[in-house]
Amino acid sequence: MKTAFLTGITGQDGAYLAKFLLEKGYHVVGLVPRRSTVDRWRLEYLNIADQVEYKDGDLLDVSSLTRALKACKPAEVYHLGAQSFVGSSWEQPILTAQVTGMGVLHVLEAIRETDPAIKMYQASSSELYGLIQEPQQSEQTPFYPRSPYAVSKLFGYWMTKNYRESFQMFSTNGILFNHESPLRGLEFVTRKVTHGVARIAANKQKELRLGNIQAKRDWGFAGDFVEAMWLMLQQDKPDDYVIATGNTSTVEEMCKIAFDYVGLNYLDYVVIDPQLYRPAEVDILLGNPEKAKRELDWTPKTKLEELIHMMVEADMQRVVKA
Ligand code: NDP
Ligand code: GDR
């Protein structure tokens, strides 16, 4: 039985990937940082919380990573842990650089120290593209990061590539475009919208305050995207891949889909709040997943409408239970 070690196992992608790997027959071990409250709601939602082994540790403490790797001897490491909210990265830039940037180097060093043959997946991001240089972004498109989060991810991207080229490590970058699900954190715009819609439909909220609704994103379903992470580590050679749907929509269009689903007009509820605008915006992202299709035989299955409907449904059930 192969062992996989996941950082960020309590996050959205960690939960879906853990479920995917358990179904493939892996022994799954997850790194869990110390928090005052143990919260495994995502793993519980997927009914896998008791099928995973947990190791205490923090991305800021490389000794905890090395100890965990030595103890569980994984064949594959999926590095998903991060301060992942772009908005917070202007409020906590130093923490973001340490966790989201330096954290990658800590993981690479822990692997190098433990067993350089361990394969490693780095959660890189479409935020690397930032101020867009090409209408559709591929592995060849130049980067122009636009937030402390994106700059931190740039450091992680290059460290991952550098360890591959310097030490022949199997370290790969998945350049993933936005992917969402009913397990998305409430601070991200899709979930903020689907949760808001569910509460408005239940008469528990009167309006939905948003920032820049003209921003465009290439949104996919997290459950589809975690398969690509695994496929990247099953290849003969380590490489970097864009994982995206190849479609882009505005935040406004996504809102309309969510409100339409419950028979409401979004124009009656959405309020633009200039305070929610970001200091620097990424106006449009549109990925080109051709290489992943060709080399990994990966294609996204879930369309945006289906995804948003799934999220509104899940939020309506939660609102009823609350
Ligand atoms: P989440 O924010 O849902 O999860 C982040 C995880 O990182 C949580 O488990 C969190 O634990 C953990 N974490 C945070 N700080 C530390 C720390 N100091 N030590 C150890 N663990 C820590 O993110 P997602 O699941 O959405 O994303 C997974 C990865 O993919 C992230 O690196 C993100 O930046 C990247 N990414 C995500 C995309 C998306 O659209 N979802 C697109 C492209 C890249 P806790 O909850 O206890 O804080
Ligand atoms: P993003 O996701 O920054 O793309 O990062 P987010 O959902 O936060 O923002 C998407 C776009 O929506 C606009 N927006 C708002 N965003 C939020 N959060 N709240 C609002 O009220 C709001 N109104 C408008 C934003 O300005 C932005 O343009 C996500 C994260 O998962 C990263 O970790 C990951 O790397 C990238 O996706 C790819």
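**Two ligands and the salt bridges of a predicted model**

Good morning. In this structure, 22 residues surround ligand 2, and the closest are Ser84, Ser125, Tyr149, Arg278 and Glu281. Please keep in mind throughout that this is a predicted model.

I shall stay with ligand 2 for a moment. Which polar atoms of the protein lie beside the oxygen atoms of ligand 2? A polar side-chain atom of Arg278 is 2.6 Å from an oxygen atom of this ligand. For Glu281, a polar side-chain atom is likewise found 2.6 Å from an oxygen atom of ligand 2. The backbone takes part too: a polar backbone atom of Val189 is 2.8 Å from an oxygen atom of ligand 2. On its own, ligand 2 has 710 Å² of accessible area, and the protein covers 94% of it.

What kinds of residue make up the shell around ligand 2? The shell comprises nine nonpolar, six polar and seven charged residues. As for where this ligand sits, residues of the shell come from both domain 1 (3-179 + 220-243) and domain 2 (185-218 + 247-284 + 303-321), and therefore ligand 2 lies between the two domains.

Let us turn to ligand 1. Around this ligand there are 24 residues, the closest being Thr10, Asp13, Arg35, Ser84 and Tyr149. You will recognise two of these names, since Ser84 and Tyr149 are also listed among the closest residues to ligand 2.

Here I would draw your attention to three backbone contacts. A polar backbone atom of Leu59 is 3.0 Å from a nitrogen atom of ligand 1. A polar backbone atom of Leu80 is 2.8 Å from an oxygen atom of the ligand, and for His179 a polar backbone atom is 2.9 Å from an oxygen atom of ligand 1. Of the 910 Å² of accessible area that ligand 1 has on its own, the protein covers 86%.

Which element gives the most residues to the shell around ligand 1? That element is strand E5, with three residues. Helix H1 (12-23), strand E5 (119-125) and helix H6 (148-167) each contribute at least two residues to this shell. By kind, the shell of ligand 1 holds nine nonpolar, ten polar and five charged residues.

I now move from the ligands to the salt bridges. The whole structure contains 18 salt bridges, and I have chosen three for discussion.

The first example joins the side chains of Glu76 and Lys2, with a nitrogen-to-oxygen distance of 3.1 Å. Glu76 belongs to strand E4 (residues 76-79), whereas Lys2 is in the segment before strand E1 (3-7), so this pair ties together parts that are 74 residues apart in sequence. Are these two residues buried or partly exposed? Glu76 is buried, at a relative accessible area of 1%, while Lys2 is partly exposed, at 39%.

My next example is the salt bridge between the side chains of Arg217 and Glu127, at 3.8 Å from N to O. Arg217 is in strand E9 (residues 216-217) and Glu127 is in the loop between E5 and H6, so the bridge ties together parts that are 90 residues apart in sequence. Arg217 is buried, with a relative accessible area of 7%, and Glu127 is buried as well, with a value of 8%.

The remaining example is set within a helix. The side chains of Asp315 and Arg318 form a salt bridge of 3.1 Å, N to O. Why are these two residues separated by about one helical turn? They are about one turn apart because they stand three residues from each other in helix H11 (residues 304-321). Asp315 is buried, at 0% relative accessibility, whereas Arg318 is partly exposed, at 22%. Salt bridges can also share partners, and in this way Glu127, Arg217 and Glu281 are joined into one network. Glu281 is a residue we have already met, through its side-chain contact with ligand 2.

I end with a pair of residues that illustrates distance in sequence and distance in space. How far apart are Thr114 and Gln140? In sequence they are 26 residues apart, and in space their C-alpha atoms are 32 Å apart. Thr114 lies in helix H5 (residues 93-114) and is partly exposed, with a relative accessible area of 24%.

Thank you for your attention.

Technical notes. Residues numbered from 1 in each chain as written. Chains lettered and ligands numbered in written order. Predicted model: local features only at pLDDT ≥ 70, side-chain atom pairs only at ≥ 80, totals over all residues. Heavy atoms only, no water. Near = heavy atom within 4 Å. Polar contact = N/O pair within 3.5 Å; in protein donor to acceptor, adjacent residues only side chain to side chain. Areas by Shrake-Rupley, 256 points an atom, 1.4 Å probe, with all protein chains shown as cover. Helix = DSSP H or I, 4+ residues; strand = E, 2+ residues; numbered from the N terminus. Nonpolar A, V, L, I, M, F, W, Y, C, P; charged D, E, K, R; others polar. Salt bridge = Lys/Arg side-chain N within 4 Å of Asp/Glu carboxyl O. Buried < 20%, exposed > 50% of the residue type's maximum accessible area, 1.4 Å probe, protein only. Domains from an automatic or database assignment.
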